[in-house]
Amino acid sequence: MNYKLLQPDSLPEALGALAQYSDEAKVLAGGTAVVLFLQQRLIEPTALVSIGQVPDLAYIRSETNGMHIGPLTTLRDIERSSVVQGRFPLLAHACGEVGNVRIRNQATLGGNLAEADYASDPPTALLALGAQVTATSANATRIIPLGDFLLGFYTTCLEPDELITDIYVPACASGSRMIYLKYKSRSSEDRPCTGVAAIAAFDAETCTDLRVAVGAACEIPTRLPTVESLAHDEVWTDDLLREIATSYAASIETLDDIRGSAWYRTQMIRVHVQRALEEIRNGYR
Amino acid sequence: MDNKTVTLHVNGQSHALEIPSGQILLETLREDLDLGGARGSCGIGMCGTCTVLLDGKAISSCLMLTIQVEGKHITTIEGLSQNGELHPVQQAYIDHGAFQCAYCTPGLILSTVALLNEHENPDDATIREYLSGNLCRCGSYVNILNAVRACRPVDDQSHSV
Amino acid sequence: MAIGEPVPMLDSVARVSGTVPYAANLKLPDMLVGKVFRSSAPHALITRLDVSAAEQLPGVAAIVTAADFTGEDTPNLHFGSTIQDQPIIADDRVRFIGEPVALIAAESDGIADQAMDLIEMEYKELSAIFDAEAAMLPNAPTLHETFPQNIMRHAKLRHGDIEAGFAVADEIIEEIFTSPVAQQASLEPQVAIAQWKDNKLTIWTGSQSPYTVRSVLASIFGLEPETVRIIVPPLGGGFGGKGNIRTQPMAAALAWKVRGRPVKLVMTRAEEFLTVTKHAAKIKIKSGVKLDGTFTARKVTVYWNSGAYASSSAHLVQAGMLRTIGPYRIPAVHVDSYGIYTNLPIAAAYRGAMSSQGVFAHESHMDTIAHRLGVDPLELRKKNLLRTDNTFATGEPLSDVYFLDCLQAVVDGVGWHEPLPRRNGSVKKHGRGTAVMMKNTIANSSSECRIKLDSDGHVVVYISTVEMGQGGHTAMAQIAAEALGMPIEALSVSGPDTAKTPPDAQTAASRNTYMMGNAVLDAAASLRKQLAVAAAPILECPLEDLSVADGYVLVTSQPRERISYSEVLRTNNVTALTAMGKYTTNVGDLDPETGQGISTTHWHQGAGACEVEVDTKTGKVTVLRYHSAAFAGRVVNPMLAGLQNDGNVIYGLGAALLEEVAIDTGQITNPNFSDYMLPSFLDIPVELKNVSLEVEGSSFYGIGEMTLPPVAPAIANAIYDAVGVRIRDLPLTAERVLRAIQERTDHGQ
C-alpha cells in the first residue's frame, strides 16, 4: 500500500488533483468502502484524494421544486433529517437501512452513488424519486439522471476527473405515498437480497402516477415505465397489483449471490413489489 | 508510504503523532497510543469491536484513516471512566452481567453511550435496532438489553417489549 | 455461601474498561510481525518455491520453509496430537487452498506484505476431492497414502441384533441429513506470540489447551516439556476453535529461526476460516419402530468431512459416533462414524462438538417418525426418552439422567399446549418444535490445581483452566471460597501458565466445572487439613476434635475456641500454606469393534422448544419464542449459567438459520462477516428464556454447550409444524423453505 495522500482544501484543488492523476487516483469521501478496499489490498491507487475537508459539500437544502443534498452528507444525517423525513420519507428510510449506525455515521451519499454497489439501498430509492447527479470536473459540469448515471456492476458514468458535487431530488406530487422495502434473506444486518422503492400519486382512489424501482436483485436498480403505466388512471385492484408485480419479476434479469439464487430473487421481486404496492394502497399512514 | 504528522484529540488529551498516511485509526490507537480497548476482528466495519466515538458519534476505527480524524474529538473506552469511577453505563453492564468474553464489550458500551446521547429514553425496539451493528458471539444480548434498560432515566415498564 | 451466588466475573472492571490483556495486546521489546504465505491450489505438488527475493527485502528477519526442517538437528516438520500428519508448513505437497507454505517474520505488517508479494511458487495440480462421501470412492484422489479411501478414522458401534430389530419393525423410516462447513468465529482471532531464548520456548497464546500445545511443541522441537512455557491470557471466545493446537507451531517455527526476538502471529478474519472449521457432516439415519411408538432398531452412518489433516478429528469421530444416536431406548443400534480426509481446511472441535450435527439429524428424524405414526412428537419423545437404569447403546447403564425434566421444562416454558394462532389464509404460519440432546463427557481425563493461602488471609487458586468468557475462573474461585469458608473477595485466580499452574487436560467439552471444580475441592480439603494440623498444637486439641470453617479453625464442641487462618500461619511462622488437588476420571475405553463400554462419567443433557413464524411467500423463518433447559446438577453461578444457556441458543441460531461456509472448488468464497453472518441483536427471539436444572445433593456439572444442539432441529420441527415441509439440510434458509413449500404445493400435498 503505497500511495500519495492528497488532502485538498477546496473543490478546485480537489478537481485539479483528479485532473492530474485521472484513473490513477481514488477519491476518499467517508471511507467505508475505500478504506476497506485499501486494507484488503483490492485497490492500489497512485494517489488517494481525501475530500473530507473540502468545504460546502455536506448540506441538505430544501427548495420549492426539490431538495439538494451534498455529496459528503452522511447517510445518518439524511436518515435523521426531519426535512428529508417530511418530504421524502422513502429516502430517509432507505439511507437508514444501510449497514449499521457506525457505517451510516461515516458513509456519504456521494460515495454510495459513486461506488454503485448493487446490494445497496439508497440508489434504488433515488431512482424511484427521479434523482439527478451533478458531476463536476475542472472544466465542466453536467447533470445526469440517476438512471443514466448507474451503468452496471460497480460502474457509473463518472469520469476519472469528475466528482459528484450535488444530488438533486425533484419534488413529488402533493399527497404522494412512498415506501422502501428492504428484504433481507438472512441476518437482520444483511445487505439487501431485494429492495423495492415505490412512489404513487392519487386523485381520490385513482392512481395518477406510479414509479417502482427494484434493486439489489439485479446489476443496477431498475424501473419499468411500461409496467408502471399499467397503474396510471386506474383504481388499484388486487389483480392489477399482482399483474404489475408479476411483470416486474418476469422482466428483470436477476443475479445469484450468497443472499439468494436468481430464481429466488425473481420470486422476491414479485412478492415485494406486490407488498410495496399493497402497503401504499392499504396501510399508508 | 509517506509519513504524516497529525494532532489527535483522544479522551481529552492532544497527541502529536507521526504515522504512515495509510494507517487506520484502530492501529494508531492500539500501537501508538497504547489504547487496547478498541479491537480488531472483522476488518470491515460489521462487528463493532473497533468502535470509538468521533465527536460523540460511533464509528468503526478499522474503516477510518487516522488522517481523516485530525482535529476531531475521539473517545475510547479508556476515556469513559472519570477519576477512577466507572461511567454509569459501565457499571450497568457489570450489574447486569452484560458480557462473557468481553471482546465486544467496549464497542457495545460506547455504542450505548452514543445511543443515550441521541435518545434519552429509548424503548426496547430502539435499543435493539441501534445496537444491532455490534455483534456478540458469546450471545450476551439479553443481559445487554437489561443493562441498557437500567440506564434509562426511568425504568418505565411500558417501554419494555 | 459463594456457590449458587450470581457473583460478577472476578475481572469485571477490566472487562468493561477495555483492559483485559488478550494475547494480541501483548507488546514485547523487539517483537517481529509474523505472516503466512499460503497455497492457492487445493491439491498440488510444489514444483518451485523461491523465497530468495523476499529474504533479501530489508526489514525481513526470516523466512521459514519446509527446507528448514530437512537437517539432522532440525525440528520435526509434521505434528499432530494423535496422528502426526500435519506439516507446520507444506512439504512438497499442498492439500487445501490456504495451506501454509512459507512463514515470514518482518519488522512491520507492511514489510511482511511486501515480502509475501515477492515469494514465487509454482505447482503441478493434482485432482482434488471436497465431498466426504465421494472421497471414499475408489477413483477419488488420495490425500495421505497410509490412509486408503481417505478414511482417517472409522469408529463403530454394534449393540444388539440390528437385523432382527428391523425385521420386527412395523415401520422403517430412513432419512439423510446434512450440516455444512461452518466456522467457530470467535471475535478474537487466533493469536500466538513465540520467543526462543536460551534454548527455551515461550508462547503467549489464546489457546483452550495449553498442555496439549506444550507437549506437541516439545515433541516438534525435541525439547523437554518443562522448557516449553505456554502462557494463556483470557480469550475473546474459543468455542472449540482454539482447542488442540492451531497456529502455535508456525509462531514457534519463526521464533526458532529468528532466535531471541519474539514473533507475533495474528490471523486475519479471512485466515480464521483457513485455520479451523466445523465438520460438514452427512448423516444417514434409519429407524425401525412399532406402531405403538417403541423403537426396535436404529442404524446410523455418518460421514464427517475432516479436511486435509487429522488434528483432533481422530478422537472427535469416535465421540461423534455416540452423539448421533439420541437419548432414547433402542434395543439394537449400529453406528458407523467415518472421519474422512478431503482437500479442505482442517475441521476440529466446535461448540457441542459433533452433537450439533448429530442432534439435528436424530431430533428431526424423531418428528418424521412421529408424523409417520400419527402421534404427537412430544408424546413420542416422552414415551422413549432414557431414564435412570436404562441402558444406552454402548451397553452402559444410565444414572442421573433427567431428559424428561429438561423436555418438560422447555415445553412448559413455550406454552406447548396453548392454541397457536393458525389463521387460515394468512401468509404467516406459526409452528412449534422441540428437541432433546445427550452428550458424553471426555471420560478419560485429569485436572489438577494448587491453592495457596497467605498469612494475610489471601488465597490464590493456580489452575490451567482457560478463561474464555464462560466464567471458569470465577466459578473455581466460588467453589474454593465456599470450601474454605472465606469471602470471595479474598480469592484470586492465576493461570494458565505451564510454568506455574499444574496440568489440566483442556478447557473444552464443558468439563471444567466438574473436573477442575472437583480438583479445587480436593485441594481445599487438603488445605483445611493442613490448617487443622497446624492449629492443633495452638488450640491444644486433638485433630479429630477440630473443625475448619468460615476462616477459622475451631474446637467443634466449643466453637468460641478458635483461631483464624492468618493467625494459624503467623503463629507457626509460615508465610503461606500450599495444597495440591487432583481429580481424575478413568472411563471411556470402548471396544474398538463394538463401541461397547462405559463412555462417560455423567451425561450432559439439554433440551429446547420454540415457536416460529414462517412467511410462506418468502420462506423466511422468524423464531418468536425459545426456551432452553440444561441439566446442571448444582449451579455454581446462576448468572453465568444463564449467559451460557442463552448464549448457546444464540450461537445455535447462527448454525440453524444463517451460517454456511461457501466453497467453490475448494476455495472459501465468504470468509468475512458480511457474507458469513453471525446472529445480531435483532436476530434473537423476543422471548428467550432458559433454566438450569438442579438436583439435591448433586455435584456441579458443566453446561457450556448443552442448549446449542437442540436449536436447529427444534426450529426445523417447528417449520414442519407450521407449513408441513421437512428441511434436512442446514442452514434453514428462506430459499430452502420457499422451494420446499412450492414443491409441496406443486405436488398437491
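This is a short talk on how chains A, B and C of a predicted model meet, and on a few residues and helices within them.

Some housekeeping. The model is predicted, so local features need pLDDT of at least 70 and side-chain atom pairs count only at pLDDT 80 or more, while totals for chains, interfaces and linings use all residues. Residues are numbered from 1 along each chain as its sequence is written, chains are lettered from A and ligands numbered from 1 in the order in which they are written, and side-chain values use heavy atoms, with hydrogens and water left out.

I begin with chain B and chain C. Contact means heavy atoms within 4.5 Å. On that rule, 45 residues of chain B and 49 residues of chain C take part. The two chains bury about 3800 Å² between them, and carbon and sulfur atoms give 64% of that area. Buried area here is the accessible area (1.4 Å probe) that two parts lose on being put together, summed over both. Arg128(B), Arg137(B) and Tyr141(B) supply 23% of what chain B buries against chain C, more than any other three residues.

How many salt bridges are there between chain B and chain C? The count is two. A salt bridge is a side-chain nitrogen of Lys or Arg within 4 Å of a carboxyl oxygen of Asp or Glu. One salt bridge joins Asp34(B) to Lys27(C), at 2.4 Å from N to O. There are also 20 residue pairs in polar contact across this interface, both residues at pLDDT 80 or more. A polar contact is a pair of N or O atoms within 3.5 Å; within protein, one must be able to donate a hydrogen and the other to accept it, and residues adjacent in sequence count only if both atoms are side-chain atoms.

Helix 5 of chain B gives the most to the side of chain B that touches chain C, with five residues. Helices (H or I, at least four residues) and strands (E, at least two) are DSSP runs, numbered from the N terminus. By class, that side of chain B has 24 nonpolar, 13 polar and eight charged residues. For these classes, Ala, Val, Leu, Ile, Met, Phe, Trp, Tyr, Cys and Pro count as nonpolar, Asp, Glu, Lys and Arg as charged, and the others, Gly among them, as polar.

Next, chain A and chain C. This contact takes 21 residues from chain A and 22 from chain C. About 1800 Å² is buried between them, 52% of it on carbon and sulfur atoms. Arg41(A), Arg186(A) and Trp263(A) supply 31% of the area that chain A buries against chain C, more than any other three residues. Three salt bridges are counted between these chains. Arg41(A) forms a salt bridge with Asp117(C), with the closest N and O atoms 2.6 Å apart. Helix 12 of chain A gives the most to the side of chain A that touches chain C, with seven residues. That side has six nonpolar, seven polar and eight charged residues.

Helix 12 of chain A covers residues 262-282 and reaches 30 Å from its first C-alpha to its last, close to the 30 Å expected at 1.5 Å a residue. The expected span is 1.5 Å times one less than the number of residues. Its buried residues include Tyr264(A), Met268(A) and Ile280(A). Buried means under 20% relative accessible area, exposed over 50%, and partly exposed in between (1.4 Å probe, protein chains only). Among the elements that the buried residues of helix 12 pack against is helix 18 of chain C.

Helix 18 of chain C has 13 residues, and its end C-alpha atoms are 18 Å apart, in agreement with the expected 18 Å. Ala734(C), Leu738(C) and Ile741(C) are among its buried residues. The buried residues of helix 18 pack against elements including strand 11 and helix 12 of chain A. After the helix comes Gly748(C), with a positive phi near 65°.

Last, three loop residues of chain C. Is His144(C) buried or exposed? His144(C) counts as buried because its relative accessible area is 7%. His144(C) contacts Asp85(C) and Arg95(C), among others. Thr247(C), in the loop between strand 13 and helix 7, is buried too, at 1% relative accessibility. Thr594(C) is partly exposed, at 25%. Thr594(C) and Asn573(C) are 21 residues apart in sequence and 60 Å apart in space, C-alpha to C-alpha.

Definitions and conventions. Lists of a residue's contacts leave out its neighbours within four places in sequence.
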